[in-house]
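The exercises below are meant for a reader who is meeting this structure for the first time. Each one sets a task and then works through a solution step by step, so please keep the sequence and the model in view while reading.

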Amino acid sequence: MKLSVFTVATPDLNAEELAAAAASAGIDGIEWRFRGIPEDARTEEPSFWRHNRSSIDPAKWEEQVPDFREATAKHGRRSIALVPYLSCGDLQATEQAFQAAADLGASMMRVGVPGYDRKTSYPELYSQAVRYLSEVQQMAQQYNVKAVVETHHQTIAPTASLAYRLVQSLDAQHVGVLYDPGNMVHEGYENYRMGLELLGPYLAHVHVKNAAWYKEEQSGESAGSSVSAKWRCHWSPLTEGIVDWMQVFRDLKSVGYDGYYGIEDFSGEFNSQAMLQHFADVFGEIERRLEEEVQV
């Protein structure tokens, strides 16, 4: 089993510390976050999306990438992906990210997908995405870095089937899908195996995390109004959410997936080093149990 870590989930570690922690846990691959740290966040405590110390700044990538590459090599790890936060249609930023990914030695890079908020129709957003991805495919081929579309809530690709609709006319050698069951708890659940069978050769990578729905009681704003209950989705520890990772692992093996499993845990249950070891331990146990099932 090949394991990786997306550094958005390890905000307190710099590149050197992250590579060392990954090596200690037996995690081979690193997916580097490609986003700058806002100036007003630099004095804050480390956090997933603001003060993340394991990030490459797009404005400084040419000077920073060699240091990240060196830290990775020093600890015998591999930079398997660059993960930027691209807007669909922003070809200039997309090409810049491809350049950084190629210099880093990454084999994959996440690209932009339109968000969906009921203000613009799906057909219009779909057309925008298809035009963008046709340009992305040419860049992916040019830089020899596979572009991946992530299954993500609040976008037009929350499911495997909708992600497949975006990439089905493209070359699977250059464009694929990053399958994320944890995101699909928020929005987009469909039978794992069915979705994976549909993706076929477009299945490029898998992200690992978990989430669950919780009922929150809320009082009415005015006196005498009734109490209402709202369901909200929150990130949860890897073994405690809705995603049955043992079943997902079975389904991935059934379609012949042999790529990386990349941890992206936002539960805050462990510090970064403990989270990486927990992930390695859980997936080692899953692999052991699946081997026992096969023998039986």
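**Exercise 1. The nonpolar cores**

Task: in this predicted model, find which residues of the largest nonpolar core touch the most other members, and which helix gives the largest share of this core.

Solution. Start with the 82 residues of the largest nonpolar core, among which Leu82, Phe98, Leu166, Tyr261 and Phe283 touch the most other members. Next, look at where the members of this core come from: the largest share, nine residues, is supplied by α4. Then take Tyr261 as an example and set aside the residues up to four places away in sequence; the contacts of Tyr261 include Met1, Leu3, Val206, Val208, Phe249, Leu252, Phe279 and Phe283, while Lys2, Ser4 and Lys253 are also touched by Tyr261. Finally, note that there is a second, separate core of 12 residues, which includes Phe6, Val8, Val83 and Phe266.

**Exercise 2. Helices α1 and α2**

Task: describe how helix α1 and helix α2 pack, giving the angle and the distance between their axes.

Solution. Two packed helices are described by the angle between their axes and by the distance between those axes. For α1, residues 15-25, and α2, residues 61-74, the angle is about 25° and the axes lie 9 Å apart. Because angles under 35 degrees count as roughly parallel, α1 is roughly parallel to α2. The crossing in which α1 passes α2 is right-handed. On the side of α1, the contact is made by Ala15, Glu16 and Ala19, and on the side of α2 by Phe68, Ala71, Thr72 and Lys74. Sorted by class, the residues of this contact are four nonpolar, one polar and two charged.

**Exercise 3. Helices α3 and α4**

Task: carry out the description for helix α3 and helix α4, and state which residues of α3 meet which residues of α4.

Solution. Helix α3 spans residues 91-104 and helix α4 residues 122-143, and they pack at an angle of about 25° with their axes 10 Å apart. That angle makes α3 roughly parallel to α4, and α3 passes α4 in a right-handed crossing. From α3, the residues that take part are Leu91, Thr94, Glu95, Phe98, Gln99 and Ala102, and these meet Tyr132, Glu135, Val136, Met139, Ala140, Gln142 and Tyr143 in α4. The contact of α3 with α4 holds eight nonpolar, three polar and two charged residues. As a link to the first exercise, recall that Phe98 is one of the residues that touch the most other members of the largest nonpolar core.

**Exercise 4. Helices α7 and α8**

Task: find how the axes of α7 and α8 cross, and then place Gly256 in the chain.

Solution. The axes of α7, residues 192-199, and α8 come within 9 Å and cross at roughly 30°, an angle that makes α7 roughly parallel to α8. Here α7 passes α8 in a right-handed crossing. The contact brings together Tyr192, Arg193 and Leu196 of α7 with Val248, Asp251, Leu252 and Ser254 of α8, and by class these are four nonpolar, one polar and two charged residues. Gly256 lies in the loop between α8, residues 245-254, and β11, residues 260-263. The C-alpha atoms of Gly256 and Glu197 are separated by 9.9 Å, although these residues are 59 residues apart along the chain.

**Exercise 5. Buried or exposed loop residues**

Task: decide whether Arg118, Gln154, Gly256 and Ala172 are buried or exposed.

Solution. Residues under 20% relative accessible area are buried, and those over 50% are exposed. Arg118, in the loop between β5 and α4, has 76% relative accessibility and therefore counts as exposed; its phi, near 75°, is positive in a residue other than glycine. Gln154 sits in the loop between β6 and α5, and at 57% Gln154 is exposed; Gln154, too, is not a glycine, and has a positive phi of about 65°. Gly256 has a relative accessible area of 53%, so Gly256 is exposed. Ala172, in the loop between α5 and β7, has a relative accessible area of 16% and is therefore buried. Leaving aside neighbours within four places in sequence, Ala172 is in contact with Lys146, Pro201 and Tyr202.

Note on methods:
Residues numbered from 1 in each chain as written. Predicted model: local features only at pLDDT ≥ 70, side-chain atom pairs only at ≥ 80, totals over all residues. Heavy atoms only, no water. Axes fitted to C-alpha atoms, helices over the stretch in contact; angles between N-to-C directions. Helix = DSSP H or I, 4+ residues; strand = E, 2+ residues; numbered from the N terminus. Parallel < 35°, antiparallel > 145°, perpendicular 65-115°, else oblique. Left-handed = near helix turned anticlockwise from the far one by under 90°. Contact = heavy atoms within 4.5 Å. Nonpolar A, V, L, I, M, F, W, Y, C, P; charged D, E, K, R; others polar. Core = buried A, V, L, I, M, F, W, Y, C linked by side-chain atoms within 4.5 Å. Buried < 20%, exposed > 50% of the residue type's maximum accessible area, 1.4 Å probe, protein only.
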